[in-house]
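Reader: I would like a close look at a single part, namely the surroundings of the ligand, and then at whatever helps me place it in the rest of the fold. Which residues come nearest to the ligand?

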Amino acid sequence: MKTYVVEGPTPLKGDVSISGAKNATLKLMAAALMVPGEVILERVPRITDVYLMVEVLERLGAEVSFEGSTLRIDATNEPADEATYELVSKMRASIQVLGPLLARLGRARVAMPGGDAIGSRPIDLHLRGLERMGAEFSSEHGYVAGVAPRLTGARVLLEFPSVGATETLLMAGTTAIGTTTIDNAAREPEIKDLAQFLNEAGARVLGAGTSTITIEGVDRLHPARHVVLPDRIEAGTYAISAAATCGDVTLRDVRPGDMELVLQKLHDAGAEITREEESVRIRSTGRPQPMDLVTLPYPGFPTDLQPPMMVLLSQATGPSILTENVFEARFLFVDELNRMGAQVRVEGHHAVIKGVERLTGAPVRAPDIRAGAALLLGGLCAHGETRVHDEGHIERGYEDLLLKLEGLGAVITLSEG
Ligand code: UD1
């Protein structure tokens, strides 16, 4: 257990450099299993989830080295075919090795992830898509085992534009026989980044970033080097924090175009936004304006930024309604925020937020990565001391969080226990 102690209120001020995207890195690492040779990933964030994925790859037999922000993965030798429950239960994204292992080995056995703090998270769309490509699955003892002597291209229409399922099928399609088409594909920038890497490794992927992705199967992938795109969720967290604390923050090394709606919503809340090619400045001087907001798949408002946005709106000059459409249990942290003086009422997948003039510091518990970051933000806004107790969730997703926040003027310390 770790405890972040935050003294507030503090307006965040200064520049912050944004790290490579966690959600892209984890899938790029999984994709490296398909390459019989060395893959070099640059701008990789040093966060717990990446270390866990290193462990997954090593257990599967890949050689991995991590220096600075450069990760080298060598899966020249055929990987093992199993991701154990011990690993998948620590990090759900480990299931993303399923597609690459099936593609490379023709078989894979992966523990079923189960739900987590943000809701039930089935993998039926991944499995159904792979079945259309010729894989057969059986499940026993909490594991799903797949066989596919050689995956065959198919047209897959996703019921919902799932990020993970799109990535699984994208990876599986690269070395399948013939053409794979994914319709109603997720359009997240991380998917485009994955497709770009696969193309750099010899794949033939078209349309990533749109809702129809076409993949012409190739015989094999070859070694490649790739620079991970900036983390738009980390960037959005600092942007919202700047606006919520009446601060003035410039995000460096970002792609403003990947966070368009977030910036638009911060503008609607009253913040002044100045975009450059690779930086954005967010300035705010007063309490935010209330608004209604819904989370949706990209380019909609990201569910991962719903918790910090809730903290911002909890101090708005009037009532707001926030609707969560992606994960069913993403309001679990609301009771914690209310302990800090917020007035939020949850009704199904809507949160009704009555803006209050000020939050007050309190001891709270972080239920997951994003809600944890949001509670830290609450601490930056609140008067007095906030203690955020955390079982290691926050550092799963934010590189150098303490250093970056201190660089922006936050008064924050971390203690173990
Ligand atoms: C990824 C991100 C996560 C982000 C989410 C949505 C990573 C490591 N995680 O998660 O941070 O919040 O995208 O932007 O990249 N679903 C099914 N069946 C499936 C797959 C998904 O019903 O087979 C449902 C899920 O339960 C959820 C919704 O679809 O309600 C969205 O899930 P999905 O887009 O797949 O998110 P993840 O890839 O798990």
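Author: A polar contact is a pair of N or O atoms within 3.5 Å; within protein, one must be able to donate a hydrogen and the other to accept it, and residues adjacent in sequence count only if both atoms are side-chain atoms. This is a predicted model, in which local features need pLDDT of at least 70 and side-chain atom pairs count only at pLDDT 80 or more, while totals for chains, interfaces and linings use all residues. Residues are numbered from 1 along each chain as its sequence is written, and side-chain values use heavy atoms, with hydrogens and water left out.

To your question: 19 residues stand around the ligand, and those that come nearest are Lys-27, Asp-124, Ser-162, Asp-304 and Val-326 (near means that a heavy atom of the residue lies within 4 Å). Three polar contacts can be followed by eye. Ser-162 places a polar side-chain atom 2.7 Å from an oxygen atom of the ligand, and Asn-23 does so with a polar side-chain atom at 3.1 Å. Pro-122, by contrast, takes part through its backbone, where a polar atom is 3.3 Å from a ligand oxygen. On its own the ligand has 750 Å² of accessible area, of which the protein covers 84% (by the Shrake-Rupley method with a 1.4 Å probe).

By kind, the shell around the ligand consists of seven nonpolar, six polar and six charged residues, where Asp, Glu, Lys and Arg count as charged, Ala, Val, Leu, Ile, Met, Phe, Trp, Tyr, Cys and Pro as nonpolar, and the others, Gly among them, as polar. Several helices supply it: α1 (22–31), α5 (124–132) and α6 (163–174) each give at least two residues, and the most, three, come from α5 (helices are DSSP runs of H or I with at least four residues, strands runs of E with at least two, both numbered from the N terminus). The shell also draws on two domains, with at least three residues from domain 1 (2–19 + 230–416) and at least three from domain 2 (22–227), the bounds coming from an automatic or database domain assignment.

For the wider fold, turn to the sheets, in which two strands pair if DSSP finds at least two bridges between them. One open sheet has four strands in the order β18-β19-β21-β20, with mixed pairing. Because β18 (292–294) and β20 (343–347) stand at its edges with a single partner strand each, one side of each has no neighbour in the sheet. From one strand to the next the twist averages 15° (axes are lines fitted to C-alpha atoms, and angles run from 0 to 180 degrees between N-to-C directions). Five bridges join β20 to β21 (350–354), and these two strands run antiparallel; here Arg-345 has Val-352 in β21 as its bridge partner.

A further open sheet of four strands has the order β6-β7-β9-β8, again with mixed pairing, and its edge strands, β6 (82–83) and β8 (136–140), each pair on one side only. Within this sheet, β7 (107–111) and β9 (143–147) are antiparallel over five bridges, with Arg-109 opposite Ala-145 in β9. The loop between β8 and β9 holds His-141, whose phi is near 50°, a positive value in a residue other than glycine.
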